[in-house]
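Let's walk through this structure together, one region at a time. Keep the 3D view open as you read.

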Amino acid sequence: MGNYVDGFVLPVPKANVEAYRRIAEDAGKVWREYGALDFVECVADDVKPGEITSFPQSVKLEPDETVVFAWIVYESREHRDRVNEQVMKDPRMTGMDPKSMPFDGKRMFWGGFKVLVQA
């Protein structure tokens, strides 16, 4: 069986991209310290609104915002659960105030995925 991936999509105000990058870099270090295999954060470059759905529509993107697409790779779902349990107890993460985040967490969505194909 392949790896396990947590995927995330969220809106970030364009003015806050640098602040978001700094937080993501710090968070990535924590996840990697606890065993995540990979931690990737991407900012939209070529995403357009669709007729029915799209990345911008999925987060109700405002004109002054951009989309961030991110993922974390683990060995398995069990490994993900162990890593996330440790990450959520780490003081570097528990000290973060959701109200001071540089994005709207209410419009963020995420989920865990079994890898189907890895070429």
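A pocket here is an open set of grid points, on a 1 Å grid over the protein atoms alone, with protein on both sides within 12 Å along at least five of seven lines. Its volume is the space filled by probe spheres set on the points. With that in hand, and remembering that this is a predicted model, we can begin with the largest pocket, which holds about 750 Å³ of space.

Which residues lie nearest the centre of the largest pocket? They are W31, M88, M93, F103 and M108, out of a lining of 28 residues. If you colour the lining by element, you will find at least two residues from each of β1 (4–13), α1 (17–33), β2 (38–43), β3, α3 (77–89), α4 (91–94) and β4 (109–114). Helix α1 gives the largest share of that lining, with five residues.

M93 is a good residue to pause on. It is found in helix α4, and M93 is one of the residues nearest the centre of the largest pocket. Is M93 buried or exposed? Its relative accessible area is 14%, and buried means under 20%, so M93 counts as buried. M93 also brings together distant stretches of the chain: A27 is 66 residues away in sequence, yet the two C-alpha atoms are 7.4 Å apart in space.

For another pair of residues far apart in sequence, take D104 and K29. They are 75 residues apart along the chain, and their C-alpha atoms are 22 Å apart. D104 sits in the loop between α4 and β4 and is partly exposed, at 27% relative accessible area.

That loop leads us on to the charged side chains. Side chains of opposite charge can pair when their charged atoms come close. Counting a side-chain nitrogen of Lys or Arg within 4 Å of a carboxyl oxygen of Asp or Glu, the structure has twelve salt bridges. One of them joins R107 and E65, at 2.5 Å from N to O. R107 belongs to the loop between α4 and β4 while E65 belongs to strand β3, so this pair ties together parts that are 42 residues apart in sequence. Both partners are buried: R107 has a relative accessible area of 18%, and E65 has 8%.

The salt bridge between D38 and R32 makes a useful second example. Its closest N and O atoms are 3.9 Å apart, which is within the 4 Å cut-off. Here D38 is partly exposed, with a relative accessible area of 32%, and R32 is partly exposed as well, at 45%.

A third salt bridge links the side chains of D90 and R92, at 2.8 Å from N to O. In this pair D90 is buried, at 4% relative accessible area, whereas R92 is partly exposed, at 41%. Elsewhere, salt bridges that share partners connect E18, R21, R22 and E25 in one network.

Now let's turn to the aromatic rings. A pair of aromatic rings is described by the distance of the centres and the angle of the planes. How many aromatic pairs does a search of the whole structure find? There are four. In one of them, F69 and W71 are 5.3 Å apart, centre to centre, with 50 degrees between their planes, which makes the pair tilted. The tilted class covers angles that are neither under 30 degrees nor over 60. W71 is partly exposed, with a relative accessible area of 26%. Ring pairs also bring F55 into a cluster with F69 and W71.

F69 deserves a closer look. It is found in strand β3 (residues 65–74) and is partly exposed, at 37% relative accessible area. That value is over the 30% that a patch residue needs, and F69 does form a nonpolar surface patch with V47 and F55. Together these three residues have about 230 Å² of accessible area.

We can finish at the backbone, with K60. Most residues other than glycine have a negative phi. The phi of K60, however, is positive, near 50 degrees. K60 lies in the loop between α2 (55–58) and β3, where it is exposed, with a relative accessible area of 63%.

Terms used: Residues are numbered from 1 along each chain as its sequence is written. This is a predicted model: local features need pLDDT of at least 70, side-chain atom pairs count only at pLDDT 80 or more; totals for chains, interfaces and linings use all residues. Side-chain values use heavy atoms; hydrogens and water are left out. Patches are made of residues with over 30% relative accessible area and no salt bridge: like charges are joined within 9 Å, nonpolar side chains (Val, Leu, Ile, Met, Phe, Trp, Tyr) within 5 Å. Accessible areas come from the Shrake-Rupley method with a 1.4 Å probe; for residues, only the protein chains shown count as cover. Helices (H or I, at least four residues) and strands (E, at least two) are DSSP runs, numbered from the N terminus. Buried means under 20% relative accessible area, exposed over 50%, partly exposed in between (1.4 Å probe, protein chains only). Rings of Phe, Tyr and Trp (its six-membered ring) pair if their centres lie within 6.5 Å; planes under 30 degrees apart count as stacked, over 60 as edge-to-face and the rest as tilted. On a 1 Å grid over the protein atoms alone, a cavity is a set of points where a 1.4 Å probe fits but cannot get out, and a pocket is an open set with protein on both sides within 12 Å along at least five of seven lines; lining residues have an atom within 4 Å of a point.
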